[in-house]
Amino acid sequence: MNSSSSSSSSQQTVGVNIPLVRFCCDVVLSFPLAVLGIFGNSLLHVVLRRHHTRFATDVLLHVLTFTDTMILISSVLLRSMRHVGWQAYDDAYCYIFVSLYPTVYVFRLVDIWITVIVVIERYVAVMSPEHTVRLDTPPRVYVIIGVTVVCAIVFSVPRFLEFSLTEVEPTARPGFKPTALALNKTYTVVYKIFIFSIVMYVVPMALLIGFNVKLFLAVNHAVHEMSAIPGRYARGLDTVISCRQVTYIVLVFASCCITCNVVAMTAQVVWTLTMCFDKLRHLDTIRRILANVSNVFVTCNSTSNVLILLSLSRKFRDGICQTFSCRMMSSHTNHNAIVMEPLNL
């Protein structure tokens with residue numbers, strides 16, 4: 001979520017109707033995507049919980065489902081709701097912004113790094129098919145998730161110090177303003193551009209691209225090798241083919257994540273440069289357009305996972321049917337007698 005969304009300036013940049021661009025991005029595009037994503041991620045969460053899965057990929061999907069939902073809810077509260085004209089919301093917006101603006105960065109950091117962990121988990125599964133294609137969820141998976149969350153919070157601490165509440169004259173209504181830290185050029189260049197870009201974009205995207213290529217080559221090589229001697233690998237071939245289907249879904253996850261974050265990274269760099277250096281003010285129009293468009297891509301990224309699963313995973317679609325069939329059956333059958341199969345996406 002780019003901090004440009006908090007700008008109280010509504011002036012129209014010459015040649016471009018910025019308020020119209022903002023409305024189209026926040027309401028026409030982002031809001032329907034956010035509602036769809038919140039509903040879809042909630043559905044995925046219900047299906048995963050109902051099937052009592054213990055596989056590492058599915059446990060990590062639980063975390064992605066939560067972070068994606070929080071990002072989408074934040075998008076609605078920080079951006080789309082601004083156009084409703086609800087007085088109670090307008091009065092509370094300063095409190096919403098000051099608390100949610102830094103928190104969104106925590107969610108996004110956890111989201112991108114959990115996606116990297118999912119790809120690495122798939123890579124390990126594909127590279128060791130003779131031992132296990134599906135890794136049972138060991139305590140270390142929860143440790144990794146916990147460490148990721150803690151690191152994201154610690155790394156984002158400066159974000160919580162960038163804005164403070166104030167009174168807006170002459171009405172004395174509550175508002176917010178950037179702190180001295182947020183206006184410091186050294187902080188902007190070192191942390192918000194250099195360090196943040198490396199941690200949030202460059203390193204995870206490099207890992208995603210690298211493991212994506214290795215995954216694609218490894219899974220196809222494994223299937224080709226086992227297909228060449230079907231008698232020897234009769235049982236293993238079916239397992240690897242199933243693994244390939246899951247791996248392809250994960251690859252699509254990662255590809256979508258890379259595409260959306262490239263746009264977000266570009267917008268983040270342009271925004272910080274133009275806000276910090278007067279010589280770059282001529283890029284203000286591009287900065288405003290990119291800031292709004294990038295938030296649509298961030299929303300799209302948080303919505304895409306469940307849509308990818310719905311499109312590519314037959315087991316997920318079957319899991320939805322099985323979950324809600326069991327819910328309907330529970331009114332006529334002893335709930336404890338209903339046995340759910342592991343989803344094993």
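L215 has a relative accessibility of 0% in this predicted model, and the residue therefore counts as buried, the cut-off for that class being under 20%. L215 belongs to helix 6, a helix that spans residues 185-228. Leaving aside neighbours within four places in sequence, the contacts of L215 are with V119, R122, Y123, V126, T247 and L251. L215 also lies 9.0 Å from I120, C-alpha to C-alpha, although the two are 95 residues apart in sequence.

A second buried position is A267, which is found in helix 7 (residues 234-276) and counts as buried because its relative accessibility is 1%. Between the C-alpha atoms of A267 and V293 the separation is 8.5 Å, with the two positions 26 residues apart along the chain being the stated sequence distance.

These positions belong to a protein of 9 helices and 2 strands, whose elements follow one another along the sequence in the pattern α-α-α-α-β-β-α-α-α-α-α. Of its 345 residues, 48% count as buried. Among contacts in the protein with a separation of 6 or more, 79% are accounted for by residues 24 or more positions apart.

**Packing around helix 2**

Helix 2 (residues 56-78) holds T65, which is buried, as its relative accessible area is 4%. When residues up to four places away in sequence are not counted, T65 touches N41, L44, H45 and L48.

Helix 2 also packs against helix 8 (residues 284-312), the two axes coming within 9 Å and crossing at roughly 140 degrees. At that angle helix 2 is oblique to helix 8, because only angles over 145 degrees count as roughly antiparallel. The crossing of helix 2 past helix 8 is left-handed. On the helix 2 side, the residues that meet helix 8 are L61, L64, D68, I71, L72 and S75, and their counterparts in helix 8 are V298, T299, S302, T303, N305 and L309.

With helix 3 (residues 87-127), helix 2 packs at an angle of about 155 degrees, the axes being 8 Å apart. This angle makes helix 2 roughly antiparallel to helix 3, and the crossing of helix 2 and helix 3 is again a left-handed one.

**Aromatic pairs and the charge over the rings**

A search of the whole structure finds 15 aromatic pairs. One of them joins F163 and F176, whose ring centres are 5.9 Å apart and whose planes stand at 80 degrees, so the pair is edge-to-face, a class that requires planes over 60 degrees apart. This pair links distant parts of the chain, since F163 is in strand 1 (residues 163-168) and F176 is in strand 2 (residues 173-178), 13 residues apart. F163 counts as buried at 14% relative accessibility, whereas F176 counts as partly exposed at 23%.

The rings of Y187 and Y191 have centres 5.3 Å apart and planes at 10 degrees, so this pair is stacked, planes under 30 degrees apart being the condition for that class. Y187 and Y191 are both in helix 6, and because they are 4 residues apart they are separated by about one helical turn. Y187 counts as buried at 10% relative accessibility, and Y191 is buried with a relative accessible area of 9%.

The accessibility of these four ring-bearing residues is set out below.

| Residue | Relative accessibility | Class |
|---|---|---|
| F163 | 14% | buried |
| F176 | 23% | partly exposed |
| Y187 | 10% | buried |
| Y191 | 9% | buried |

Both pairs are part of a wider arrangement, in which ring pairs link Y89, Y93, F97, Y101, Y105, F155, F163, F176, Y187, Y191, F196 and Y201 into a cluster. R159 is placed over rings of this cluster: its charged end sits over the ring of Y105, 3.9 Å from the ring centre, and R159 also lies over the face of F196, at 4.6 Å from the centre of that ring.

Notes:
Residues are numbered from 1 along each chain as its sequence is written. This is a predicted model: local features need pLDDT of at least 70, side-chain atom pairs count only at pLDDT 80 or more; totals for chains, interfaces and linings use all residues. Side-chain values use heavy atoms; hydrogens and water are left out. Rings of Phe, Tyr and Trp (its six-membered ring) pair if their centres lie within 6.5 Å; planes under 30 degrees apart count as stacked, over 60 as edge-to-face and the rest as tilted. Buried means under 20% relative accessible area, exposed over 50%, partly exposed in between (1.4 Å probe, protein chains only). A charge sits over a ring if NZ of Lys or CZ of Arg is within 6 Å of the ring centre and within 35 degrees of the ring normal. Contact means heavy atoms within 4.5 Å. Axes are lines fitted to C-alpha atoms, for helices over the stretch in contact, and angles run from 0 to 180 degrees between N-to-C directions. Angles under 35 degrees count as roughly parallel, over 145 as roughly antiparallel, 65 to 115 as roughly perpendicular and the rest as oblique. A crossing is left-handed if the near helix is turned anticlockwise from the far one by less than a right angle, and right-handed if clockwise.
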